[in-house]
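User: Please take a close look at the salt bridges in this structure. Which parts of the chain do they tie together, and are the charged residues buried or exposed?

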Amino acid sequence: SIKDDVNIRIAYYENEMREDLVWEQKILGELEDAIKEKHLLPYLQPQVDVDGKIEGAEVLVRWRHPQEGLRMPGKFINVLEKNGKIVNLDMYIWEEACIILKSWKERGFDNMYLSVNISPKDFYYVDLYEVFMKLIEKYELDAKNLRLEITESVVMNDIEQKLLVINKLRSAGFLIEMDDFGSGYSSLNLLKDLPVDILKLDMVFLKETRNPERAKIILQEIINMARKLIIPVISEGVETEEQVSFLSDMGCGMFQGYYFAKPISLEEFEEKYLVKNE
Ligand code: C2E
Ligand code: MG
Ligand code: MG
Ligand code: MG
């Protein structure tokens with residue numbers, strides 16, 4: 001009967017909610033140890049130019065769980081954001097990124113940058129200007145080698161206060177990448193007020209669509225606009241040669257995606273891509 005159906009469905013949702021809560025508690029309970037035990041790993045995904053030359057890499061966290069294997073960010077980032085803990089993870093990963101940059105510098109590979117992700121929540125827990133200034137001081141780095149990725153949701157609330165922080169960071173020489181551009185609700189509006197140095201085109205524009213011609217028109221116009229604003233564009237999520245070719249025809253100069261490389265461990269990255277400055 002309908003009543004049975006409804007009851008079964010309610011039981012199903014209750015069960016799902018319980019499972020979510022159990023998962024949340026598990027993640028929250030394990031975070032501190034994971035940081036201490038170095039189970040949070042900075043994976044690196046190359047960002048390349050039109051000729052496939054690597055200019056830098058994005059740092060993407062992976063959680064190597066001793067029993068469960070590799071956990072992807074989609075499984076825990078939102079849990080940490082919701083519970084005020086993301087800043088703990090982020091500060092750890094940013095420092096790991098600085099340690100990598102420092103070791104590259106010492107070995108003569110200071111021509112590459114790393115881009116780290118910043119959660120919109122981070123702004124509420126620490127003074128990001130202070131945090132990043134201390135980091136580059138401690139590891140004797142040049143600010144331009146540490147790029148900061150923010151999404152438009154960063155400036156959804158308390159815009160003035162956050163703009164202040166972002167502008168101070170830019171004045172200190174950090175480059176700001178606007179992540180996931182075009183996927184949100186106010187990307188264009190934001191570009192008007194928020195000074196960014198690099199625009200990362202979201203991969204939504206490359207997804208299968210019933211209307212590929214329309215997608216291309218929009219892409220072309222975003223790239224044209226960025227050029228007029230003198231902001232370089234990185235296309236995210238490029239998976240095929242065809243995508244790379246039409247995007248570079250449109251004037252996009254940088255790429256990040258499986259077509260070139262997946263995010264990989266530091267060891268693998270260094271083995272494959274660390275090439276000395278001539
Ligand atoms: P994001 O910053 O937009 O990073 C790009 C995501 O796209 C990564 O997923 C990357 O693995 C994936 N990707 C790259 N190329 C391709 C491609 O060609 N095809 C497809 N299908 N996917 C591709 P990942 O590593 O799972 O990270 C997901 C999101 O989690 C990131 O999106 C970022 O928002 C967040 N995240 C990752 N690491 C951190 C971190 O250390 N701190 C914070 N706050 N967020 C992080
Ligand atoms: Mg990113
Ligand atoms: Mg992105
Ligand atoms: Mg994203």
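Analyst: The account below follows the salt bridges one pair after another and then turns to the nonpolar core.

The model is a predicted one, and it holds 21 salt bridges. One of them joins the side chains of Glu30 and Arg71, with an N to O distance of 3.0 Å. Glu30 belongs to helix H1 (residues 2-36) and Arg71 to strand S3 (residues 69-71), so this pair ties together parts that lie 41 residues apart in sequence. Arg71 is buried, at a relative accessible area of 4%. Both residues also belong to a network of salt bridges that links Lys26, Glu30, Glu68 and Arg71.

Another pair is formed by the side chains of Lys138 and Glu95, at 2.8 Å from N to O. Because Lys138 lies in helix H5 (residues 128-138) and Glu95 in helix H3, parts 43 residues apart in sequence are tied together. Lys138 counts as exposed, at 55% relative accessibility, whereas Glu95 counts as partly exposed, at 24%.

Arg147 and Glu177 form a further salt bridge, with their closest N and O atoms 3.3 Å apart. Here the pair ties strand S5 (residues 146-150) to strand S6 (residues 176-181), parts 30 residues apart in sequence. Arg147 is buried, with a relative accessible area of 13%, and Glu177 counts as buried at 0% relative accessibility.

As for the nonpolar core, the largest has 77 residues, and those with the most contacts inside it are Trp104, Phe132 and Leu247. Helix H3 (residues 86-106) gives the most to this core, with 10 residues. Among the residues that Phe132 touches are Trp94, Val116, Leu146 and Phe174.

Note on methods: Residues numbered from 1 in each chain as written. Chains lettered and ligands numbered in written order. Predicted model: local features only at pLDDT ≥ 70, side-chain atom pairs only at ≥ 80, totals over all residues. Heavy atoms only, no water. Core = buried A, V, L, I, M, F, W, Y, C linked by side-chain atoms within 4.5 Å. Buried < 20%, exposed > 50% of the residue type's maximum accessible area, 1.4 Å probe, protein only. Helix = DSSP H or I, 4+ residues; strand = E, 2+ residues; numbered from the N terminus. Contact = heavy atoms within 4.5 Å. Salt bridge = Lys/Arg side-chain N within 4 Å of Asp/Glu carboxyl O. Lists of a residue's contacts leave out its neighbours within four places in sequence.
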